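Here is a quick tour of a few local features in this model. Have the sequence and the 3D view open while you read.

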Amino acid sequence: MTMSVLAPPAAFAAARPDAVQQGLSALVHSDGLPAALATVRDREGRTRTYTAGVGDLATGSKVPVDGQVRIGSNTKTFTAVVVLQLVGEGKIGLDTMVDSHLPGLVRGEGIDGRHITVRQLLQHTSGLPEYEDLVEDGIRQHRYFEPRDLLDIALQRKADFAPGKKWAYSNTNYVLAGLIIQKVTGRPLAEEIDRRVIKRIGLRHTYFPAPGDMTIRESHPKGYHRDAAGEPLGDFTEIDPSAGWAAGQMISTNSDLNRFFTALLTPERLLPTAQLTQMRTTVPIGDTGAGYGLGLMSRPLSCGGVYWGHGGDITGYETRGGVTDDGRAAGVVVTSIPTDGAATKHLDGVVDTALCR
């Protein structure tokens with residue numbers, strides 16, 4: 001007869017498929033996304049990285065571990081940090097009017113910069129209309145936009161509502177926040193973000209692409225885009241990201257974003273406690289359970305509590321993730337913006353799985 005030996009519990013745990021890996025594989029195989037990447041850190045500071053899919057559909061090459069990606073609207077948090085640092089330095093007032101920094105610039109139907117505050121820009125309660133959907137993907141891929149071009153496009157539309165009356169996400173808010181930073185500091189936005197945030201906390205794989213730079217510098221998975229479900233995926237890895245500017249131009253990695261959001265939630269690391277408290281004061285985003293602060297979002301976790309982050313979509317990439325107050329962190333990227341809500345829910349579910357295990 002043969003004698004069976006019971007494996008110790010740890011061996012069973014090691015043999016069990018990892019829930020985060022399963023989630024990434026499902027995004028590729030069930031939701032049809034080319035690739036998925038994740039970096040997860042637990043309370044003890046142990047980090048694990050994951051990949052699924054292929055980094056290049058043409059060659060079938062592997063997904064680079066913790067590869068660089070375009071982070072879209074996570075850029076807004078970097079912009080908000082610089083504004084709030086300037087608030088802490090007494091150079092900007094959260095409740096001062098936009099016109100005090102950019103006199104006469106913000107005018108349109110129902111739109112008046114004399115009645116919109118800096119806080120309302122950062123919190124998306126200004127009522128300023130969106131410009132992004134007026135810029136077609138084919139044009140966006142190759143054209144360079146000045147920030148004032150983006151503002152001119154937005155101001156073709158009337159106000160969505162009176163300032164402070166509602167919440168509605170609009171990239172226009174952050175274009176203006178970037179212009180205010182430049183006016184107050186007398187320096188380019190990219191330079192201020194680099195000096196005040198990236199270098200300060202040692203983000204080695206994060207940068208704000210220079211005008212005309214359509215590439216991604218380091219090892220990266222290719223980014224793809226389709227206009228609607230069932231249409232073929234096009235390679236949109238190289239684009240001119242200037243249509244995002246202060247609202248969405250930056251490039252980073254999951255591990256750098258985890259480091260950034262962790263530093264941000266640590267008082268006095270990037271922001272004085274007073275400004276961090278303002279940043280974390282949220283308004284509800286509909287009935288989703290999520291809240292929007294000043295360039296920072298809170299989202300509920302299935303295991304209780306919330307996590308803090310932002311997330312971002314830009315042609316070719318979608319990023320989700322954030323950190324908890326007790327030190328957990330997770331970043332997840334897919335290399336095409338999902339064309340249906342189910343895939344987006346699955347992506348958010350992987351973040352929840354990573355932070356709740």
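Cys 303 is partly exposed, with 42% relative accessible area. Keep in mind that we're looking at a predicted model. Cys 303 has a partner: together with Cys 356 it makes a disulfide, and the two sulfur atoms sit 2.0 Å apart. That pair falls within the 2.5 Å cut-off, so it counts as a disulfide, and the count for the model comes to one. If you like torsions, the value about the S-S bond is -75°, making the link between Cys 303 and Cys 356 left-handed.

Where does the pair sit along the chain? Cys 303 is in the loop between strand 11 (297–300) and strand 12 (306–309), while Cys 356 belongs to helix 11 (residues 341–356). The two are 53 residues apart, so to speak a link between distant parts of the chain. Cys 356 has 24% relative accessibility, so this cysteine counts as partly exposed too.

Now for the backbone. Two residues other than glycine with a positive phi are worth a look: Asp 66, near 55°, and Glu 268, near 75°. Asp 66 is in the loop between strand 2 (47–53) and strand 3 (69–70), and Glu 268 is in the loop between helix 9 and helix 10. Buried or exposed: which is Asp 66? At 19% relative accessibility, Asp 66 counts as buried, because the cut-off for that label is under 20%. Glu 268, at 51%, is exposed, since that label needs over 50%.

Here are the accessibility values side by side:

| Residue | Relative accessibility | Class |
|---|---|---|
| Cys 303 | 42% | partly exposed |
| Cys 356 | 24% | partly exposed |
| Asp 66 | 19% | buried |
| Glu 268 | 51% | exposed |
| Arg 269 | 36% | partly exposed |

The last row brings us to a bit of surface charge. Arg 269 lies in the loop between helix 9 (254–264) and helix 10 (273–279), and that is also the loop where Glu 268 is found. Which residues join Arg 269 in a patch of positive charge on the surface? They are Arg 200, Arg 204 and Arg 259. With 36% relative accessibility, Arg 269 is partly exposed.

Helix 9 itself is mostly covered, with eight of its 11 residues buried. Among them are the nonpolar Leu 257, Phe 260, Phe 261, Ala 263 and Leu 264, but Asn 254, Asp 256 and Asn 258 are on the buried list as well.

Notes
Residues numbered from 1 in each chain as written. Predicted model: local features only at pLDDT ≥ 70, side-chain atom pairs only at ≥ 80, totals over all residues. Heavy atoms only, no water. Patch = residues over 30% accessible without salt bridge, like charges linked within 9 Å, V, L, I, M, F, W, Y side chains within 5 Å. Areas by Shrake-Rupley, 256 points an atom, 1.4 Å probe, with all protein chains shown as cover. Salt bridge = Lys/Arg side-chain N within 4 Å of Asp/Glu carboxyl O. Lys, Arg positive; Asp, Glu negative; His and termini not counted. Charge placed at Lys NZ, Arg CZ, Asp CG, Glu CD. Helix = DSSP H or I, 4+ residues; strand = E, 2+ residues; numbered from the N terminus. Buried < 20%, exposed > 50% of the residue type's maximum accessible area, 1.4 Å probe, protein only.
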